[in-house]
Each structure stands twice: as C-alpha cells, then as structure tokens.
Amino acid sequence: MKLKILIISLFAFMFINGQAQKYITKTGYVYFMSHTDAIDIDGSNNKVAAILDVSNGEMVAIVLIKAFELPLATADKHFNETYMESDDHPKATFIGKLPEVTGLDLTVEGEHEVTAQGTLSIHGKSQEINQKVKLLVKEGKLMGNCDFKVNIDDYGITVPEDVKDRVAKVVDVKIKMTLEPMKNK
Amino acid sequence: MAARKILSLAILLLFAWGMQAQDDLEAMLLDEMEEPVEYTFGTFLSTNLLNNQSTELLNKYGLNFRISHKFGSFTSGASKSFGFDDSNSLIAFDYAIADWWNIGLGRATLNESLNGYTKFRLLRQSTGAKTMPVSCVVLLNANYKTQTFDDEERDKNRTDRFEYTSQLLIARKFGNLISAQLSPTYIHRNLVSTKNDLNDIYALGLGASIKVEKRLRVNLEYFLVQKHDTPNMKYYDPLSLGVCYQTSRHAFEVFVTNANGITENHYIANTTHNFWAGEVRVGFNISTVFSLNPKK
C-alpha cells in the first residue's frame, strides 16, 4: 500500500514537474549599438527565442543573426557579410542557468535581480559569462531585462584595418524579453 | 523485494527523465521556434556589377552618390596617352524610397544626356520558411539628350531625344563564393541616326561575381546583343572584366571594357569597339552611400 502511494506520488511529481515549470518567448528583443566618434551603427532584432525552466534555472536563448534590422543604409549587408558572417554562423546562443530563479516565489509579483551564468556563443566562438539580470514578475509573466557589453575580439569578429575607427571594439547590447508560461501540447 | 526493485526503477526513470528534460531544453526551444525566412545578403557587393546594375538595392533612406568614368581606347595610340586623354563620365544620385524601391538621376557627358531610372525588387532570394531561388529586380531607365542639334527641326523635337532601357535583373548567389546574374534587356530609341538603325534592340546580359576576399570580388559581364549593324557601322557585344572593392560606405569598381557608354542605352546598343582586337579601355565607378534616415 505504502509502495503504491509512493509510486503514484512519484508519477504525480513527474507530471507536475512537466507542467508550468517552463517559461518561453519567441519575440524577445535584442538591441546593439556600436558607438564610435565617426559613426553610430545600431541594430535590433525582435525575434529572440528563449526558454527558462524555473524548476532548475536552466535557460536557453537563440538569436537569429539574419533577423537583425539595421536602419543605416547598406549596414545590414556589412553586418551579415563582413562581421557576423551569418551564412556560416546563423545564430547566437546563450546556454546556461539563472540559479537564483529556483529560490523565487513566482506567484508573487515583484522585481528581482538574478545572475545569468553560462555560455554565450556568437560568431561561432563561445565565452563564459556571468551577468546581472533584472527579473520582473508580473501577471504571471517573467520580464527579463539586461544590459551588457560585448567585446567583439572575444568572439573572433575582425574589423578591416581601414574601418577600424568606424566599428566599436566594445558593443553595447540590451536585451528585453517577456517569458510566458509554456503550455504543454 | 520486487517492490524495492520497482521503486528503484521508478526513481531511476524519474532521474533519467529529469536529465533528459534539461538536455532537451534547447531542442524544445528549437521545436517551438518557427522556421525563419532567411534572406540572402550580399549577392553582389554594390548596386553595380560593372557597367550593368546589379540586383542589389540601397536600404530605405540610403543616398548613393556615384561617379562612373571611362577613358579612351588603348588603341588610340601614344599621342593620346593610350586612351587616358579621353574620357566620359556619369555623375549620379541614387535614392532608396523603400528597401525594395530605388530611384536615380544622373548626368552623362556622352550626348550631354540626363539619365533617370527606377529600380524595384520583385523577388528576393531566400531559404527557410520561404524558398526563393533567385532575386529579381526590374530596372526602367530613360535617357534624354540635352545636346544642341544644328538642324533646327531636330533641335526643337523633345520626344525624339528619349531612349528607354528596360531590364529584368535575375540573380542568384551560389553558396558563398559565386553569384550570377541574367539581364534580359529591351532598348527602345525614339530616334536613330539612319534608316538602317533599329529602334528596338534586344539583348541578354550575363554577369558573374566571384569572391576573392570578404570585400573584394572579381566581376565579369557580357551582353549578347541583337545584331544591328548598319552599312556604315559595326557594333560589338560589350565585354567587361574587373574587380569590385568595398569599404564601409564606399564601393569601387575598376575594369577593362570595350564599351564606351555608361548609361544602359549606350553601352549595350552603341559599342563600336572590338574587345578581341584590343580596343579596350579602363573604366571605374566610385560610389559613396549616405543615410538620410531621420532617426539617425
């Protein structure tokens, strides 16, 4: 009898574990700004996909490089062809953890500061990162907000000699995403 | 004992399931993501192949200032510095009303003409959720001679000064190294020099661009032109061979060609030099892109 209860509760746990533990978005926003005295080059992408498993804090985010929109004329071509080489490296990813998330009560609305730890891969190169993220719990959704800097050298992005003063070595990146509870299919 | 076995199996299962869920987070996300439409970028480096326009367009608010220049033929001899004494040029502005629609206005020294065009994209090469094997752009060009004609009747006539070129530019980027372009062309000239000259000329342009380095390509261009020789004049197909180099906002094309004209109606229909007889000249285009985006 005891065993039966145990097994049932185990399966029940598995079942619960599979539900509403994951938050997802497909319309996350990422913005970058390369500021130099000569020229500001920026771009944005609102098709960032991310998933967060709040049961263990695991997180994966995927940014499709070709989905960036650059308002400067011909900049998108340079961005894709010369710098990001998006035919060879079509996406940037973050695979890691938000460990503090497991300790949060996500049923209560509020603002938290958590850390994102993991591997950021851009242009086929990976770097370990540790980054503060503002997390707002509102109406059952998780709104993540994060500003950081990317040193393009770290990701093997090279700038031709003659345009060195037009492309920033350190690019400012802003990320905003609203993750909603994932519905099981 | 059986009970304990089942229990440990269940725990093992649960554990394995938990592990799998973590590993599969990325797969799960990929599964949720809709397949994107991946547009092809950089089929050509600039809006021009060499003489011919390419399927590349400026992005919205882009303003391109372009100077095209051609020297005289090498065969003109030492007294003319092998052609470098002669020149003709085109100064033009191109503007992007939309990402898919560019217009341009220029002034060519040859025939003292004004050259206007509109260029719009019908199809854009893409893979992924939408597969499109080629990019397709329409180029409509009108060339207006402003020169003074000695014949008063001829000089008064305005409509006869127009020559029109319509082109369908069809291009495909093959992998990362080679791009090719087909340019079916129709030229209509309102007035031609003699009765023996054709008013309508058809041509087919063949172009290729080969990547040497990220921002350097070798470009080739040939036009197969409908025969339109007259008893006094023999016309040749224009053949051009050159390189295209690009910096952040400048593009340069330097090439050798047997065509003298710069505007479409001229270099396609009025090439009177034979490439294979060495009657070639050096030509170059320089363009600078500005952005007139009010948000910048």
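Leaving aside its neighbours within four places in sequence, which residues is A:K169 in contact with?

**Entry 1. A:K169**

I started from this lysine in what is a predicted model. I listed its contacts beyond four places in sequence and found A:V150, A:N151, A:I152, A:D153 and A:K164. I then placed A:K169 itself: the residue sits in the loop between β7 (141–151) and β8 (170–181) of chain A. I looked up its accessibility and noted 37%, so A:K169 counts as partly exposed. I also took one distance across the chain: the C-alpha atoms of A:K169 and A:P90 are 21 Å apart, with these positions 79 residues apart along the chain.

**Entry 2. Chain A as a whole**

I counted two helices and eight strands in chain A. Reading from the N terminus, I wrote down the order α-β-β-β-α-β-β-β-β-β. I asked what the strands build, and found a closed barrel of eight strands, in the order β1-β2-β3-β4-β5-β6-β7-β8, with antiparallel pairing. From one strand to the next the twist averages 25 degrees.

I checked one pairing in detail. Strand β1 (residues 22–35) and strand β2 (residues 40–53) of chain A are antiparallel and share eleven bridges. Within this pairing I noted that A:V30 has A:N45 in β2(A) as its bridge partner.

For the overall dimensions I took the principal axes, along which the C-alpha atoms of chain A fill a box of roughly 80 × 35 × 25 Å. Chain A has 185 residues, and 51% of them count as buried. I noted an exposed surface of about 9400 Å² for chain A, with 56% supplied by carbon and sulfur atoms. Of the contacts in chain A with a separation of 6 or more, 59% come from residues 24 or more positions apart.

**Entry 3. Where chain B meets the barrel strands**

Which strands of chain A does helix α2 of chain B lie across? I found that α2 (residues 25–32) of chain B lies across β1, β2, β3 (58–64) and β4 (91–97) of chain A. The angle I noted between this helix and β3(A) is about 40 degrees.

**Entry 4. Chain B as a whole**

I counted four helices and 14 strands in chain B. I compared its radius of gyration with the globule rule: a compact globule of 296 residues would have a value near 19 Å, but chain B has 27 Å. The C-alpha trace of chain B spans about 115 × 40 × 40 Å along its principal axes.

I noted that 45% of the 296 residues of chain B count as buried. Its accessible surface comes to about 14300 Å², and carbon and sulfur atoms hold 62% of that. Of the contacts in chain B between residues at least 6 apart in sequence, 57% join residues at least 24 apart.

**Entry 5. Strand β13 of chain B**

I went along β13 (residues 250–257) of chain B and found that the side chains alternate. B:A251, B:E253, B:F255 and B:T257 point to one face and are buried. B:H250, B:F252, B:V254 and B:V256 point to the other face and are not buried.

I then looked for the strands paired with β13(B). Strand β12 (residues 239–246) of chain B runs antiparallel to β13(B), and seven bridges join them. The two form a hairpin with three residues between them. In this pairing, B:S240 has B:T257 as its bridge partner. Strand β14 (residues 281–291) of chain B is also antiparallel to β13(B), through eight bridges. Here I found B:H250 opposite B:T288 in β14(B).

**Entry 6. Aromatic pairs**

I searched the whole structure and obtained 13 aromatic pairs over all chains. One of them, B:F162 with B:Y164, is stacked, at 5.6 Å centre to centre and 5 degrees between the planes. B:F162 is partly exposed at 25% relative accessibility, and B:Y164 is partly exposed at 33%.

Why is the pair of B:Y186 and B:Y202 called tilted? Their ring centres are 5.1 Å apart and their planes stand at 35 degrees, so the pair is tilted. B:Y186 lies in β9 (residues 178–189) and B:Y202 in β10 (residues 200–213) of chain B, so this pair ties together parts that are 16 residues apart in sequence. I noted B:Y186 as partly exposed, with a relative accessible area of 28%.

Last, I followed ring pairs through chain B and found that they link B:F71, B:F74, B:F84 and B:F284 into a cluster.

How values were computed: Residues are numbered from 1 along each chain as its sequence is written. Chains are lettered from A and ligands numbered from 1 in the order in which they are written. This is a predicted model: local features need pLDDT of at least 70, side-chain atom pairs count only at pLDDT 80 or more; totals for chains, interfaces and linings use all residues. Side-chain values use heavy atoms; hydrogens and water are left out. Two strands pair if DSSP finds at least two bridges between them. Axes are lines fitted to C-alpha atoms, for helices over the stretch in contact, and angles run from 0 to 180 degrees between N-to-C directions. Contact means heavy atoms within 4.5 Å. The radius of gyration is taken over C-alpha atoms; the globule rule is 2.2 Å times the number of residues to the power 0.38. Buried means under 20% relative accessible area, exposed over 50%, partly exposed in between (1.4 Å probe, protein chains only). Accessible areas come from the Shrake-Rupley method with a 1.4 Å probe; for residues, only the protein chains shown count as cover. Rings of Phe, Tyr and Trp (its six-membered ring) pair if their centres lie within 6.5 Å; planes under 30 degrees apart count as stacked, over 60 as edge-to-face and the rest as tilted.
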